[in-house]
Amino acid sequence: MSNPSFTTVVDAIGWHSVRLMRLVAADSSLDTVRSYIDGAYVDATSGETFACHYPATNRVVCDVEQAGAAEIDAAITSAQRGFAEWSATPAIDRARVLMRAVASIRDRTDELAALDTLATGTPIAEATTEDI
């Protein structure tokens with residue numbers, strides 16, 4: 001499987017952040033979060049999870065699957081393949097990809113800042129102006 005584009009990863013993050021914001025507001029919880037490796041969500045082979053807490057209330061927002069050795073190896077293999085592909089890409093094309101990535105992040109600043117606030121408790125103004 002080819003490596004996911006940056007936009008695909010940001011879209012996946014954005015989808016989770018919108019769900020997280022809605023669920024926190026509704027005082028409910030998310031499904032178990034899985035690893036995103038090589039362009040797809042994968043189940044952890046460890047069978048272990050850990051709780052993710054909303055810092056403002058300490059309420060469990062979701063469980064996160066604990067990646068094991070198999071997931072780590074798959075992520076490393078994917079990253080190495082992606083690095084080789086990226087390294088072979090002409091500089092002008094890499095610049096275009098990075099400019100699209102910047103535009104995608106800027107388009108989602110409010111959404112990403114809200115996710116940061118929910119995940120870490122960072123004030124929204126700080127997350128918007130300093131962290132994103």
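## A good place to start: D38

The side chains of D38 and S78 are joined by a polar contact of 3.1 Å. D38 also has a side-chain polar contact with R81, this one of 2.8 Å. Keep in mind as you look around that this is a predicted model.

Where does D38 sit along the chain? Its place is the loop between β1 (35-37) and β2 (40-42). D38 counts as buried because its relative accessibility is 17%, and the cut-off for buried is under 20%.

## The chain as a whole

Stepping back, you will find five helices and four strands in the chain. Follow the sequence from its start and these elements come in the order α-β-β-β-β-α-α-α-α.

The chain has 132 residues, and 25% of them count as buried. About 8,200 Å² of the chain is exposed, with carbon and sulfur atoms supplying 58% of that area. Now consider contacts between residues at least 6 apart in sequence: 54% of these join residues at least 24 apart.

## Two cysteines to look at

How many disulfides does the chain have? The count is zero. For C52, the nearest cysteine sulfur belongs to C62 and is 4.4 Å away. That distance is too far for a bond, because a disulfide needs the two sulfur atoms within 2.5 Å.

Are these two residues buried or exposed? C52 counts as partly exposed, with a relative accessibility of 27%. C62, at 7% relative accessibility, counts as buried.

Methods:
Residues are numbered from 1 along each chain as its sequence is written. This is a predicted model: local features need pLDDT of at least 70, side-chain atom pairs count only at pLDDT 80 or more; totals for chains, interfaces and linings use all residues. Side-chain values use heavy atoms; hydrogens and water are left out. Helices (H or I, at least four residues) and strands (E, at least two) are DSSP runs, numbered from the N terminus. Buried means under 20% relative accessible area, exposed over 50%, partly exposed in between (1.4 Å probe, protein chains only). A polar contact is a pair of N or O atoms within 3.5 Å; within protein, one must be able to donate a hydrogen and the other to accept it, and residues adjacent in sequence count only if both atoms are side-chain atoms. Contact means heavy atoms within 4.5 Å. Accessible areas come from the Shrake-Rupley method with a 1.4 Å probe; for residues, only the protein chains shown count as cover.
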